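Here is a short tour of a small set of surface features, written with the bench in mind. Take a look at the sequence and the model first, and then read on.

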Amino acid sequence: MENIRELQAYGYFFFTLFLVVVLYAYILHLYRAEKKGTRNYEQYGKLALDDDLDSKPVEPQEMKEEKKEQK
């Protein structure tokens, strides 16, 4: 019984450590994407404030098609 509890404790610790690493990697990815200029996350943040049916889109469809062609 004591072996199982010890194994659970190690599993919990390493899983928590793994999630922390994933979180910081995601934050770093967001930071780098904004620094490069590939994404502007401020305009996505405004979606919550400007959420009407007649609001203009954040990114026009033409921009998305051009980005796909460039890749």
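## Surface patches and an aromatic pair

Tyr10 is found in helix H1, which covers residues 2-36. This is a predicted model, and in it Tyr10 joins Phe13, Phe14, Leu17 and Val21 in a nonpolar patch on the surface. Together these five side chains' residues offer about 540 Å² of accessible area.

Which residues form the aromatic pair? The structure holds one such pair, and it is made by Phe13 and Phe14. A pair of aromatic rings is described by the distance of the centres and the angle of the planes. Here the centres lie 5.3 Å apart and the planes meet at 70 degrees, an edge-to-face arrangement. Edge-to-face is the right label because the angle is over 60 degrees.

Now for the charged side of the story. Asp50, Asp51, Asp52 and Asp54 form a negative surface patch. Asp50 sits in the loop between helix H2 (41-45) and helix H3 (61-70).

How accessible are some of these patch members? The table lists three of them.

| Residue | Relative accessible area | Class |
|---|---|---|
| Tyr10 | 48% | partly exposed |
| Phe13 | 49% | partly exposed |
| Asp50 | 41% | partly exposed |

Stepping back to the whole protein, the secondary structure comes to three helices and zero strands, in the pattern α-α-α along the sequence. Of the 71 residues, 3% are buried. The accessible surface comes to about 7300 Å², and carbon and sulfur atoms account for 60% of that area.

Notes. Residues numbered from 1 in each chain as written. Predicted model: local features only at pLDDT ≥ 70, side-chain atom pairs only at ≥ 80, totals over all residues. Heavy atoms only, no water. Patch = residues over 30% accessible without salt bridge, like charges linked within 9 Å, V, L, I, M, F, W, Y side chains within 5 Å. Areas by Shrake-Rupley, 256 points an atom, 1.4 Å probe, with all protein chains shown as cover. Salt bridge = Lys/Arg side-chain N within 4 Å of Asp/Glu carboxyl O. Lys, Arg positive; Asp, Glu negative; His and termini not counted. Charge placed at Lys NZ, Arg CZ, Asp CG, Glu CD. Helix = DSSP H or I, 4+ residues; strand = E, 2+ residues; numbered from the N terminus. Buried < 20%, exposed > 50% of the residue type's maximum accessible area, 1.4 Å probe, protein only. Phe/Tyr/Trp six-rings, centres within 6.5 Å; stacked < 30°, edge-to-face > 60°.
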